[in-house]
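Work through the exercises below with the sequence and the model open side by side. Try each task before reading its solution.

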Amino acid sequence: MNPTRRKFLRNVTAASALLATESIAKPFNIIKDLKKISPNDKIRFATIGMGIQGHQDTKAALRGAPDAEFVAAADLYDGRLARVKEVFGKDIFTTRDHRQILERKDIDAVLIVTPDHWHDHITKASLQAGKHVYCEKPMVHHINEGLSVIDAWKKSGKTMQVGSQRISSASFKEAKRLFQAGEIGEINYVESNNDRFNSIGAWNYSIPTDASPTTVDWDHYLGDAPKVPFDAKRFFRWRNYQDYGTGVGGDLFVHLITGVHFVTNSLGPERIMSSGELSYWKDGRDVPDVLVSILDYPKTDIHANFQMVLRVNFANAGAIANNTRIIGTEGQIEFTENNLVLTKKKLPKAPGFGGYDSFNTFSESQQQEFKKQYDAQYPEDTRKADPVKEVKFTAPKEDDAHANHFADFFDNIKKGSVGTIEDPIFGFRAAAPVLACNESYFSKKIINWDPVAMKVKKK
């Protein structure tokens with residue numbers, strides 16, 4: 001490792017350690033340097049990480065805040081820096097070194113769209129540099145990184161949004177409204193899935209023909225990950241490897257959990273267990289392509305206890321219907337990013353008798369006595385359930401969840417507010433359970449989580 005690189009990593013590690021030692025329990029005081037931005041001022045932002053999602057996020061940011069200005073980009077592959085100028089304009093400042101962006105006083109905000117193992121490092125450095133931060137999900141690579149990111153955010157007083165944009169869709173907002181109105185009674189069960197059956201969907205992204213240690217800053221990319229020789233697959237298909245990504249949990253489960261937490265206002269589960277396997281994509285990856293997790297949510301002042309089952313199957317050659325179902329004692333809400341169906345169904349007060357029932361095994365005299373008692377206890381009007389009701393909702397064609405999510409981020413920057421729809425506390429309460437899903441899978445153990453303190457419980 002060259003001296004410059006060694007010094008860089010030492011500085012990053014030292015900064016992270018300093019933040020981690022500060023108590024997360026300190027009061028959240030807005031730092032005095034958080035100032036409102038005039039409505040006439042443009043918010044100048046940069047994107048760090050110009051891969052697939054980096055391009056998507058940058059475009060969505062410009063749709064969500066047409067008055068924002070994209071001025072700079074960082075990436076470790078030269079071809080992506082060239083592509084930035086082709087797509088967004090030749091005047092965009094580009095660099096391999098994200099620190100050059102953080103040093104610029106004319107940049108107000110950064111979008112952090114790097115592999116997961118860089119999220120916490122760059123987020124904390126950006127906040128310390130006085131930047132507002134939009135960080136892609138999951139907010140951190142490891143559970144033990146979450147509280148230090150939250151602490152850095154609180155100290156900075158800057159606006160921060162975590163990027164699980166589906167909760168900014170009209171459909172998710174309608175699901176939240178219906179749930180909070182008590183339309184399905186008391187919650188008891190949730191199931192949510194996100195299956196795929198194609199190579200690109202399984203993260204086997206295209207690799208450029210010029211990928212090499214010359215065109216890619218491999219040493220910088222590795223960061224705090226184990227040192228290994230250059231491997232283009234580990235750079236361009238980083239989601240396949242635990243060293244840089246968080247598997248189906250951090251890519252997809254986090255969307256599912258974020259949505260359920262948004263709708264229910266839940267703080268998170270207390271027990272997490274997983275099972276799965278590497279079933280189909282045996283291409284050198286070290287994460288499963290089939291994963292099922294069960295999460296137990298405790299009763300709180302705002303919802304009943306419930307169980308959530310999450311599934312991702314990258315080898316689903318059957319019918320794929322990716323949705324979330326929140327089930328209660330009086331109905332269910334089934335929704336995707338674009339539509340929703342509320343089904344209301346209540347049981348009659350009277351339990352009924354006969355059919356496949358022990359009533360038919362009673363003596364004739366006991367049957368008559370039972371019916372007499374039943375008729376006295378359950379009048380006729382208690383024996384019929386209300387008709388099943390179904391309400392459908394379709395998001396407006398112009399609804400753009402991704403742009404909406406960025407609009408919320410930029411609006412809060414302008415107001416001088418930290419109250420985004422997915423702040424770091426919300427973001428970590430979604431990220432930590434999915435990271436625990438991974439931990440349960442690899443360790444073959446149940447993970448016990450404290451959703452209030454946001455810490456793993458030690459047995």
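The exercises cover pockets, a sheet, a helix packed on it, and a few backbone details.

This is a predicted model, where local features need pLDDT of at least 70 and side-chain atom pairs count only at pLDDT 80 or more, while totals for chains, interfaces and linings use all residues. Residues are numbered from 1 along each chain as its sequence is written, and side-chain values use heavy atoms, with hydrogens and water left out.

**Exercise 1. Describe the largest pocket and its lining.**

Step 1: fix the term. A pocket is an open set of points on a 1 Å grid over the protein atoms alone, where a 1.4 Å probe fits, with protein on both sides within 12 Å along at least five of seven lines; lining residues have an atom within 4 Å of a point.

Step 2: take the volume, the space filled by probe spheres set on the points, which are joined across faces, edges and corners. For the largest pocket this is about 1,000 Å³.

Step 3: list the lining. It has 46 residues, and G51, I52, Q53, G54 and W238 lie nearest the centre. Elements giving two or more residues are α2 (52–64), α3 (78–88), α5 (119–128), α8 (218–222), α9 (232–236) and α10 (247–264). Helices are DSSP runs of H or I with at least four residues, strands runs of E with at least two, numbered from the N terminus. The top contributor is α2, with six residues.

Step 4: sort by class. The lining of the largest pocket holds 19 nonpolar, 15 polar and 12 charged residues. Nonpolar covers Ala, Val, Leu, Ile, Met, Phe, Trp, Tyr, Cys and Pro; charged covers Asp, Glu, Lys and Arg; the others, Gly among them, are polar.

**Exercise 2. Repeat the analysis for the second largest pocket.**

Step 1: its volume is about 370 Å³.

Step 2: 20 residues line the second largest pocket, with H141, H142, Q242, L435 and N438 nearest its centre. Here α10 and α13 (424–443) each give two or more residues. The most come from α13, which gives four.

Step 3: the lining of the second largest pocket splits into nine nonpolar, eight polar and three charged residues.

**Exercise 3. Trace the sheet and place α13 on it.**

Step 1: read the order. Ten strands run β14-β13-β12-β11-β7-β10-β9-β8-β15-β16 in an open sheet with mixed pairing. Strands pair if DSSP finds at least two bridges between them.

Step 2: find the edges. β14 (389–394) and β16 (455–456) each have a single partner strand, so one side of each lacks a neighbour in the sheet.

Step 3: check one pair. β15 and β16 are antiparallel, over two bridges. D450 stands opposite K455 in β16.

Step 4: add the helix. α13 lies across β8, β9 (290–297) and β15, at about 55° to β8. Axes are lines fitted to C-alpha atoms, for helices over the stretch in contact (heavy atoms within 4.5 Å). Angles run from 0 to 180 degrees between N-to-C directions.

**Exercise 4. Which residue follows K137 across a cis peptide bond?**

Step 1: the bond joins K137 and P138, with omega about -15°.

Step 2: P138 sits in the loop between β5 (132–136) and α6 (146–156).

**Exercise 5. Is N265 buried, partly exposed or exposed? Do the same for K444.**

Step 1: set cut-offs. Buried means under 20% relative accessible area, exposed over 50%, partly exposed in between (1.4 Å probe, protein chains only).

Step 2: N265 is partly exposed, at 37%. Its phi is positive, about 65°, though N265 is not a glycine. N265 lies in the loop between α10 and β8 (271–277).

Step 3: K444 is exposed, at 74%. Its phi is near 60°, again positive in a non-glycine residue. K444 lies in the loop between α13 and β15 (447–450).
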